[in-house]
Amino acid sequence: MRHLFLSARYFLAFVLVGCQGVAMSDGLDAARAPDAGTEDGMDAGGPDADRVAPDASPRGDAADAAPALPSGPAYYVTLSGNPDNDGRSEESAWSLAHGFANVPSGATLWVKAGNYGAQSLVLSASGVHVKGYRASINDVHSDRYSTVAVDAPIDATSMPTIDMGDPGTEQTAISNAGADNTIENFIITNGNRGIVNRATGVGAVFRNLVIVEMGSDGVANDSSQPYEGFGLVTYAQAVVENSIFKNIGAHSCQAFGEGASGTVFRYNDLVSADFLQATDYGFLINSDTDVDAPPIRDVRVSYNRIVRADGLWHGMHGIVFKYNVENSVADHNDLVGTAIEFSMPGSRFNVAEDNTLVHFDNGPGAWHARVLFYNGPRNNVVRRNVFRTLWQAIVFASNGEDLIGYGDTSNTGFHDNRIENNIAADVTGFIYSNANLDGANHLGDREVHGLVVRNNTVLDAGGFMSWEFRVVDPVIENNVLDEVPVQRSLSEDAVNNTRGSIVNPAFANNVYVGEHNAYYDAGFPRIDNARWVDRSAIPEGLVPAAGSPLIDPEESAGAADDFEGSAPSGSRDIGAYEAR
């Protein structure tokens, strides 16, 4: 965790001056998801890879050791290729369209750099490796993140480029229909639809893609812009890694439906910085909108860097588990100016863990960056995340979004969600609820049941919990508030059961430090000094030092790295970290 905010600060700098590649340690395992069979329905597992400081240059150019060549027969595509050739060498290369249509299963299709113009390619063979190269085969390969800098202009000499030439076209640049194919090292730009992985494309890998400037610009930085621009959508299990998705109007990356269960998005850069084409969805994980649609499960969104430039009219849904999504994980992502969301009652048993969320300021205009529980998701866990310089860290909200089969119950309950071991600093509020009264919901819909808020550290904030909903049977324990003076709309009212009240709360082992509101006396006894290891070092310094009143008096044998996932062996200390 020591380098956690080096990457966050780096993101803020990127928005102003551009971004280069970031080197990160190994440790990303195959996709792992919560185990619904455990006692609490969640698996505490997750990769332990450390974050490191940004590298000064992109990764994966020809100076690096090249991986082994793919096995199987090799075929070639160049700008001067011809369908009448045999495709077995550069001198007898195929055209791009002919290569995609005729490469046999199990072969490698080497595609040389150049601008191939508008294309509508379909790959139907299986077990094919389609790999772009710059000057000689295998001279472009990615390790972590793309070989291209995020702010670099389009350069068709660096890898094969498909320039669609018309953002209004409905053509898809590349469609994959074959199983176990890999498509690697391509640029797609200036179109509407980048890549579609069809339902038959199980096991596809998409690596080191640069998909940028997709969709037509609007006339202003407002909602008048057209809803266009799709980067990559998969209807089958796939891996999407080391790629850039930038300035894509509608959906940058989408895993849709039951067939896409098990998909992994990792080590990608996703950027919305076009004031005339603000991105709507970043990583959208969703089923169909029907309440009876089979769920999409076991999707993992990991180690991605997601940036929304300041001042865009659209807030961008950064990582979204929407409709019927189960047992999926968003972990170790860095988000600037955008959100992680659980949306609709069918979004359940999912986890957001070990992410950082930052913004440019903590005023109401910075509402875009947060973890959002939207319209009744349940049994989700938000743990071990760091929130800094935000308006509200965690928000419960509802509106009347029409979901087939749900009707007026689309946002009831918010049952049994857990908020644990998070750190929030310089936020206006830690937890906030907002009923968007658009006429479709009734007061009784807006309730939160069985919420657990445990082992969180909140400092230099405007408030801890503020509610427009009823909060029924919450458990609020082992939280420490350090200089969190304001408390709004949090009143215990078991008799009248009015909106904005807490009904039957269970407070245990909470404390506050410094300036406070009188309400805290009921569930947050005061201490004079938390005795942090280093209060100025956020988050890694927020460990109770020897003699801290936050340490459990009976036993505190847990390691200081429990924030990263190792469980304490004794009773939990108060706050996100165990004592050292």
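**Entry 1: the nonpolar cores**

I began with Ile 174 and listed its contacts, leaving out residues up to four places away in sequence: Phe 100, Leu 121, Ile 162, Ile 183, Phe 186, Ile 188, Gly 194, Ile 195 and Val 196. Apart from the core that holds Ile 174 lies another core, of 16 residues, and I noted Ile 423, Leu 459, Ile 538 and Ile 574 among them. I then looked up the largest nonpolar core, which has 85 residues. Ile 174, Ile 394, Phe 396 and Phe 430 are the members that touch the most others in that core.

**Entry 2: confidence**

I recorded that this is a predicted model. The average pLDDT of the protein is 82, and 77% of the residues score at least 70. I marked two stretches for caution. Over residues 1–63 the pLDDT stays under 50, and the model has 171 contacts beyond four places in sequence for them. Residues 556–561 also stay under 50, with 15 such contacts in the model. Where pLDDT is low, the predicted coordinates should not be read in detail.

**Entry 3: strands β13 and β14**

I asked how many residues of strand β13 are buried. The count is five of five, for residues 244–248, and I entered the strand as mostly covered. I found two partners for β13. Strand β10, residues 204–214, runs parallel to β13 and is joined to it by four bridges; Val 210 has Ile 244 in β13 as its bridge partner. Strand β16, residues 269–272, pairs with β13 in the parallel sense over three bridges, and there Lys 246 has Val 271 in β16 as its bridge partner.

I next examined strand β14, residues 251–256, which is mostly covered, with five of its six residues buried. Strand β11, residues 230–234, pairs with β14 in the parallel sense over four bridges. In that pairing I noted Gln 254 of β14 as the bridge partner of Val 233. Five bridges join β14 to strand β17, residues 281–286, and these two also run parallel. Phe 256 stands opposite Asn 286 in β17.

**Entry 4: a three-stranded open sheet**

I traced an open sheet of three strands in the order β18-β22-β26, with parallel pairing. The strands β18 (296–297) and β26 (347–348) stand at the edges with a single partner strand each, so one side of each is left without a neighbour in the sheet. I counted two bridges between β18 and β22, residues 325–326. Ile 296 is placed opposite Val 325 in β22.

**Entry 5: the second largest pocket**

I looked up the second largest pocket and entered its volume as about 370 Å³. Which residues lie nearest its centre? They are His 317, Trp 367, Arg 370, Leu 372 and Tyr 374, out of 21 that line the pocket. The elements that give two or more residues to this lining are β21 (317–322), β25 (340–343), β29 (371–374) and β31 (386–398).

**Entry 6: Asn 455**

I asked whether Asn 455 is buried or exposed. Asn 455 lies in the loop between β35 (452–454) and β36 (457–459). Its relative accessibility is 3%, and therefore Asn 455 counts as buried, the cut-off for buried being under 20%. Leaving out residues up to four places away in sequence, I listed its contacts as Glu 420, Asn 421, Asn 422, Glu 477, Asn 478, Asn 479, Arg 572, Asp 573, Gly 575 and Ala 576.

Definitions and conventions
Residues numbered from 1 in each chain as written. Predicted model: local features only at pLDDT ≥ 70, side-chain atom pairs only at ≥ 80, totals over all residues. Heavy atoms only, no water. Pairing = 2+ DSSP bridges. pLDDT = per-residue confidence, 0-100. Contact = heavy atoms within 4.5 Å. Buried < 20%, exposed > 50% of the residue type's maximum accessible area, 1.4 Å probe, protein only. Core = buried A, V, L, I, M, F, W, Y, C linked by side-chain atoms within 4.5 Å. 1 Å grid on protein atoms, 1.4 Å probe; cavity = no way out; pocket = protein on both sides within 12 Å on 5 of 7 lines; lining within 4 Å. Points joined across faces, edges and corners; volume = space filled by probe spheres on them.
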